[in-house]
Amino acid sequence: NKLIVILKDYVDNANETKEHDMLLRAVKSLEYIFKFIIRSRVLFSMINEGRGKQQFEISLKQLLTSISNMMLYKTEHTVLFQGAALKYISFIIGDVMTVFDPVELSLLMVEFISNVA
């Protein structure tokens, strides 16, 4: 959950951040970050009988919404992040489908695509 919070903070502050390289690397690594987050959660869930599932889903949904909202920014330095997000978002869908209902995930992806300027 800490990785979700940190990544969400980077994305939420994409307009203001001085750590552009860090955010760009994170966005380019979305596939691996999401694999790590989701597989860690699956293992945690197996050990702890599903405890914290709802909070995890809420956190992950907030992260996806933050990425989607980042697509609304209209500044020069966010164009790189937005391009990387467009390129790499498709790589996370397979893993994220194990967490969300397909309809809910499709609504999140529609929101993401709708926010592309």
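The lining of the largest pocket in this predicted model is a mix by class: five of its residues are nonpolar, four are polar and one is charged. The names behind that split are N1, L3, F36, I37, S40, R41, F44, G52, Q55 and F56. As for how much room they surround, the space in the largest pocket comes to about 180 Å³. Two helices, α3 (30–47) and α4 (53–70), each put at least two residues into this lining. Of the contributors, α3 gives the largest share, with five residues.

Helix α3 turns up again when it comes to charge pairing. Side chains of opposite charge can pair when their charged atoms come close. Searching the whole structure turns up five salt bridges. One of these joins D95 to K35, with 3.1 Å between the closest N and O atoms. This pair ties together distant parts of the chain, since K35 sits in helix α3 and D95 in helix α6 (residues 93–96), 60 residues apart.

Helix α4, besides helping to line the pocket, also packs against helix α7 (residues 102–114), where the two axes lie 8 Å apart and cross at an angle of about 20°. An angle under 35 degrees counts as roughly parallel, so α4 and α7 fall into that class. On the α4 side, the residues that make the contact are K61, L64, T65, I67, S68 and N69, and they meet E104, L108, E111 and F112 of α7. Sorted by class, this contact is quite a blend, with four nonpolar, three polar and three charged residues.

A second helix pair, α2 (residues 20–28) and α5 (residues 79–88), packs with axes 8 Å apart and an angle of about 10°. With that angle, α2 is therefore roughly parallel to α5. Here H20, L23, L24, V27 and K28 from α2 come up against L80, F81, A84, A85 and Y88 from α5. The class split for this contact reads eight nonpolar residues, one polar and one charged. Put next to each other, the two helix contacts read like this: four nonpolar, three polar and three charged residues for α4 with α7, and eight nonpolar, one polar and one charged for α2 with α5.

Key
Residues numbered from 1 in each chain as written. Predicted model: local features only at pLDDT ≥ 70, side-chain atom pairs only at ≥ 80, totals over all residues. Heavy atoms only, no water. 1 Å grid on protein atoms, 1.4 Å probe; cavity = no way out; pocket = protein on both sides within 12 Å on 5 of 7 lines; lining within 4 Å. Points joined across faces, edges and corners; volume = space filled by probe spheres on them. Helix = DSSP H or I, 4+ residues; strand = E, 2+ residues; numbered from the N terminus. Nonpolar A, V, L, I, M, F, W, Y, C, P; charged D, E, K, R; others polar. Axes fitted to C-alpha atoms, helices over the stretch in contact; angles between N-to-C directions. Parallel < 35°, antiparallel > 145°, perpendicular 65-115°, else oblique. Contact = heavy atoms within 4.5 Å. Salt bridge = Lys/Arg side-chain N within 4 Å of Asp/Glu carboxyl O.
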